[in-house]
Amino acid sequence: MEWLVEEAKSKGCSFSEARFVRRTSSYIRAQDGRIEELSQRELAGVGIRVIIDGAWGFASTASLTKKDLSASLEEAIASAKVLRNKVEDKAEVVEMKSCTAKKELHCKISPEDVAPEDKAKRVSEWEREARSLDPQRIQNTVASLSDVLREEIVCNSFGVKVESKLIHTLATVFVAASEGNVRQSASERRGGAKGYELLEEFNPEDFSLKAANKALSLLSASPPPAGTFPAILDPEVVGLFVHEALGHNAEADAVWSGQSIIKEKKGEEIAAPCVSIVDDATIEGAFGFYFFDSEGTPAKRNVIIENGILVDYLYNLETAKKMNAQPSGNARAESYESPPIVRMSNTFMCPGDWTFEEMLQEMKNGVYLKGGRWGYVFPERGQFTFNVEEAYLVKDGELKEHLRDVSMSGMTLETLQKIRGVSKDFRLSSPGYCGKGGQTAFVDNGGPFVFVAKITVGGRR
Amino acid sequence: MDILEIARKGIEKIKGKIEQADIFVERRKSISLKWEKSTLKQVEVHYDEGISVRAFHKGGRGFACSSPLREENIDKVVEEAVSLAKAAQPDPDFKSLPSPGEGKKVKGLYDEKITLLSPADLARWGEEIIEGAKRIDEEAVVSGGISAGSVEYALANTEGVEVEDSQTGIYASVMVVLQKDGEVASYYDFDEARNLKDFHPIDIGEKACLQAREFFGAKQAPTGTYPVVFSYLMSPGIIGAIAGAANAEDIQRKRSFLVGKKGEKIAWEGLSVQDLPLIEGGMSSASFDGEGVPHKELNFIEEGVLMTYFHNSYTANKVEEENTGHAARFSYRGGVGISPTNLQIKLGDWTLEEMIQDMKRGLLVLSVGVQPNMASGDVSGPIDFGFMIEDGEKAYPLKNTMLGFNLLDLLKNIDAVSKDYREEPGVKMPALRVKNLRVGGGENG
């Protein structure tokens, strides 16, 4: 690896970086009473990134022969040379201190030490528990368990050489139920940057049976009304909001390229005073945990909003240099094939001092939105959309009609300002994969219960 | 080494160790250029190669994949897949992998000119796309990218299937963001092709910028029920969601809203859709599917009637129906799923302009987030780009406005398909008009 960086230097690169990634993963899925897939994947390769005369070049290869690695370096250099007279926004990076470091996540139960048969047994149990709750109405149950061992070595021309090894484990269960013409589904997931000790941290009531109960209860839920309502968001929906609606806007590449609604707002009050939002890659065991980012910067806790004030953005080496900031340890690459880009890690809203009951009483009438399914955002317009697993109409401060298939939409800055209350209860419990620029990253998000004065719901009545 | 030869050798190694198996080998090369903040940003060059093995023991399946294509890795994945298959539970629904079949070779899927493109070629297009947007609005912030690549792949199985093919593709997309008096408006466009002769990306920056300008002054529509015209780019999303629910795996697992609907009238009688995998140069065209089964044309919806589900060999054998050849395998890294190919809606007799002019008060939707609950078919999504139409004209652009509907209700409520369309290789995309949909917005209108 170091020789690639040295060779790049000798060929006139002002910055060079060689990154080796090996990803070894296993996946087991049980469906409708049968283990139907056991798989094993191992992918490895090297990504090379260079700057020549203010232009980036990047090349990756799955072939690890010296000849092919040299050829990749040549391709990265040739690519940078093509752009060097055409780039107006010149590439430059913050200088790093030379360092060598090696970190490894030590888990209590390594997935490698568990036989496929034992993994399969556990997954079958989850699937059976969910199915057996109501075999008449439950039509389809899927449970899965995956583990990913990710080894990354980052070498760059500042003399940085960091190595890290991480393990991520994820358990999921999906249940589809039907009654008459109504079909509904629900899921649960548990995950962390940890080994199979994760599986000791939850029980069926809290996982497989919870998903099954949810799918069954949604069969008698109603489609939502359409319109604009006051709303209480649960921690999973809040997690979706802080990640999708705010977090992507706080990524400095979006800010620098003019696609963020919070550009040039540092120091301004952009949210209600009860709102503080943090991105923290150092939370041990959380799904978005890591030791170093993919540029070799150590992981950090970064405050984005504090008491309503926009404190800072999330940076990589390039945006930190251009925006006169410190790298925040948020440059992440999915694999050797992708250059590091600015990403979140574990993103959450900090807890406040309300209780859920107080929120219901204060809101009186509105909707309570539970369980984030998916979301997306147009950062430049500040518009977000989320689909939630279930919801309730709130009447006179009480949960009334159960609602299904609910999506909500709003404008990020308007919504942040319209937050009226933040609860003491807090959960960081949405392990998943965030997609950006064709890459996925392990992330988690969450927060407290949040009371918002106004949100638009897409309904059928 | 020749990749079909690698697959063949792998099959020789696995025979005798397990009842059935298939081996997929792939080499992929791509070059891409990204632009951001209206200037070229970065070129990326990628090379990838790998092998995957699916092994079946008493129907139980083991899957393993690895890169790079080294002799020892090939031996390793063969052993891993065999041992995983033996650890899997038997599956009596698995009958057999496909046998060899005769099919038609689709033309126009590989263009050597694409493999010869250099970073400089991509940079020229990138500059022209950015300039196109800037000609319309000097302050436009333009982002996007262009990528070109080739893939060669081979598949062999223990039943005698041996197929190989090469494909190329090129894709460009652009997002234009405009600002005026503190307000932001944006729009996107794209172009894609398998052959350089079909690739015309130069004007996408200009087109996106012109469209973005129309989104200043956006307002929330009043909550209510309106007729809706879905513009050209929306029809593949809507029909694609229906086709996604016709995946035989989801049907057999009873988690699709199309369970039990085959042979039934599910849509307006004016709606017919074909799946056409053999179109020359089509973006989703291929001579054979992901299990080596020759592709053929299929009527998906005929005059409103759902004619078929989409099968791979497993789902077809399970219910003893004909395999429609829709096994999907996108890379050596993944397993085999089910996917439709080029879905073509039968064109109607309106123009998009006539649909708009005919509307007293309704919505024109250019883009909406169609991500249905596949179990119920319910969609609740935001109108990403759209207009309120009043007296046959665009009254104002929309923001913070949502649509809520069930896909089966929508299909029955379609009452017009346009004869004009946007065309990308392999598919003509007409506009669709739906009688009444529920819209969530501001105060009731």
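Here is a short chat about some backbone and sheet details in a predicted model.

Trainee: Hi! Where does the cis peptide bond at B:Pro68 sit?
Mentor: B:Pro68 is in the chain B loop that links strand E3 (60-66) to helix H2 (71-87). The cis bond runs from B:Ser67 to B:Pro68, with omega near -5°.

Trainee: Okay, new topic. Which phi does B:Ser38 have?
Mentor: A positive one, about 65°, although B:Ser38 is not a glycine. In chain B, this serine lies in the loop between strand E1 (20-36) and strand E2 (39-57).

Trainee: And is B:Ser38 buried or exposed?
Mentor: Buried, because its relative accessible area is 10%, and the cut-off for buried is under 20%.

Trainee: What about A:Lys364, what's its phi?
Mentor: A:Lys364 has a positive phi of about 65° and is not a glycine either. Its place is the chain A loop between helix H8 (356-363) and strand E15 (366-378). A:Lys364 counts as partly exposed, at 48% relative accessibility.

Trainee: Let's look at sheets. What order do the strands take in the open one with E10 in chain B?
Mentor: The order is E10-E9-E8-E13, 4 strands with antiparallel pairing. Strand E10 (305-306) and strand E13 (343-345) are the edges, each pairing on one side only.

Trainee: How many bridges join E9 to E10 in chain B?
Mentor: There are 2 bridges between strand E9 (residues 298-302) and E10(B). B:Glu302 has B:Val305 in E10(B) as its bridge partner.

Trainee: Which helix lies across E8, E9 and E13 of chain B?
Mentor: That's helix H6 (residues 235-245) of chain B, running at about 120° to E13(B).

Technical notes
Residues numbered from 1 in each chain as written. Chains lettered and ligands numbered in written order. Predicted model: local features only at pLDDT ≥ 70, side-chain atom pairs only at ≥ 80, totals over all residues. Heavy atoms only, no water. Buried < 20%, exposed > 50% of the residue type's maximum accessible area, 1.4 Å probe, protein only. Pairing = 2+ DSSP bridges. Contact = heavy atoms within 4.5 Å. Axes fitted to C-alpha atoms, helices over the stretch in contact; angles between N-to-C directions.
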